[in-house]
Amino acid sequence: MIRLAWRQFRSSAVIASGALAAVCVVVVLTRVHIVDVYDATVASCDSRGDCEAAVSAFVRLNRSLQGWLDVLVVVVPGLLGIFWGAPLVARELEAGTFRLAWTQSVTRTRWLTTKLAVVGLAAVVVSGVLTVMVTWWSSLFDKVGENIYGAFDRRDLVPIGHATLAFMVGVTAGVVLRRTLAAMATTLVVVVATRLAFVTWVRPHLLAAKRWSGPLDPNRMGFMMESETSPMRLHSEAPRMPNAWIRSVEIVDRSGRPITYVEQACPNLPPPGSSAGSGLRRGPVPDDVDRLLQECVAKVGERYHLAVSYQPAGRYWAFQWLELGIYVAASAALVGLCVWWVRRRL
Amino acid sequence: MTEPPVIEATGLGKRFGRRWALSECTVTIPSGRVVGLVGPNGAGKTTLLHLTVGLTAPTAGTISVLGARPAAGPAQLARVGFVAQDTPTYASMSVADHLRLGGWLNPGWDRDLAERRIDRLGLDRSQRSGNLSGGQRAQLALTLAIAKRPELLVLDEPVASLDPLARREFLRDLADTVVDHRVSVVLSSHLVADLEQVCDHLVVLVGSRVQMAGDIDDLRAEHRGSLEDLVLAAMERGLESRSDEGGRS
């Protein structure tokens, strides 16, 4: 049975190998240049004292390729689900060839599990090779960017879990709907919805966030109004925590109540729409406004402090394994459902 | 030693959603025969054959094929060969691929038999099955079913979509094969003339019920007139009794 599964899958495997090889060539060739630039600028910036400029120039290197590779890692698992998963069984049901396959001397359970093993394994390999290449290519950008959670679902293990689940969603849709096109469309919708739901409601809560509190730092703060009539708000950037995943930054009092408005504490801050403007303190701010802000923060800081909720950088791999595990477990459940459905419902 | 009947069904029923495709079907089909299963559209012929080869499971009643549950495992699957309606094959795969496929999936695969048949039929091995004519595709499907060396060969309207010439050729070839390999055959059709060519036993199925069954020679001896008239009369009787039932219920 494994030979038939492979024979049916052969041309898809050839296309996928070709595409991966093309990506590989691009990645290897461009990375040589990236390493040269890194060595010549960022790696030696300390001695020249121009690190900020060197880093900001370096991260703009190959920016469009960075974007394309990230898109590829996000999109490929979905494509595997749509083009490999959905037709796997649906096409046989549609063309009637399942009547040929299921009346040979192989049980339909073995027929299905062998097909799932061959094509599913290929999906794991394709997504695995892709994520290894992109993770390697991006490693210097990720190192300099100090924001590993920012590219969380485009690096390391997680894309493999996404591919596995997308593939099984495709197969299941095909088994249940028995129509290739309908199964492909359903796969697209389900895969996108699952990813969004997971990122929004599941991933942040896999591990309880850590909390940090400390004094207000006027150099990382600003004030703004959301609209002309709303009260003025003080804002703070997170303290510098390289590679941490900042969940929230709040200015709170001792009992944990967030600060609401600041007019009473700081009546002298410029009104909305004035030239000094609102927003976080980036770029040059007029000295007088800066002085007013410093005074204001000092006054507010007597009663309020900064409370940060975050996931530390050290948990990155725990998050990676957890998400991979959840996606693989969900895929395994779908394998069970497909086997049951093919045995009992078709 | 008496062999078990190729098909023994009792109170067999299959429901798809709310519609019964087959209900209360009780039929015994003896082994060692070439059995023609004939009946009007919707009589449940295809459903009965799918239940026989284990493509679907019964909703009610029992069916035993060669003394065992259909598709109970690889061994039982190996004992039954099947050519489905419209003779499906993998359109993008070549004739040679299909022969390889037969070898991969069937431990009892008779490679010589398959090769000889393909040679005799003059099929181009490199041809994709999607490019074969209907008759050639049917022959390819029959080759797969025969070369797994089954004890029972089940064919569901194998000639329905063929032109008269291809139809006659297919049935003649089938008749030769049956003689060569001592295999029991169940063949469905709604054309009596087709069945008369190859069958020695006839089962007339109308509305899931067996209206008439027997060896063709006996049927001919008992009744005067052509076999076709005999079958048509049986079908009419069946349809009448069914509509009576419908009126009562």
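Two residues are in contact if their C-beta atoms, placed from the backbone, lie within 7 Å. The exercises below concern a predicted model.

**Exercise 1.** Determine how many residues of chain A are in contact with chain B, and which elements of chain A contribute two or more of them.

*Solution.* Apply the contact criterion across the two chains: 15 residues of chain A meet 19 residues of chain B. Next, assign the chain A residues to elements; helix 1 (2-40) and helix 5 (98-101) of chain A each give two or more residues to this side. Helix 1 of chain A supplies the largest share, 3 residues. Finally, sort the side of chain A that touches chain B by class: 6 residues are nonpolar, 6 are polar and 3 are charged.

**Exercise 2.** Locate A:Asn243 and establish whether it counts as buried, partly exposed or exposed.

*Solution.* Begin with the position: A:Asn243 lies in the loop between strand 3 (233-236) and strand 4 (245-253) of chain A. Then consider the backbone. Most residues other than glycine have a negative phi. A:Asn243, although not a glycine, has a positive phi of about 70°. For exposure, a buried residue needs 20 or more other C-beta atoms within 10 Å, and an exposed one has 12 or fewer. A:Asn243 has 17 C-beta neighbours inside 10 Å and therefore counts as partly exposed.

**Exercise 3.** State where B:Arg149 is found and what sign its phi has.

*Solution.* B:Arg149 belongs to the loop between helix 5 (134-147) and strand 6 (152-156) of chain B. Its phi is positive, about 55°, although B:Arg149 is not a glycine. Because B:Arg149 has 17 C-beta neighbours inside 10 Å, this residue counts as partly exposed.

Notes. Residues are numbered from 1 along each chain as its sequence is written. Chains are lettered from A and ligands numbered from 1 in the order in which they are written. This is a predicted model: local features need pLDDT of at least 70, side-chain atom pairs count only at pLDDT 80 or more; totals for chains, interfaces and linings use all residues. Helices (H or I, at least four residues) and strands (E, at least two) are DSSP runs, numbered from the N terminus. Ala, Val, Leu, Ile, Met, Phe, Trp, Tyr, Cys and Pro count as nonpolar, Asp, Glu, Lys and Arg as charged, and the others, Gly among them, as polar.
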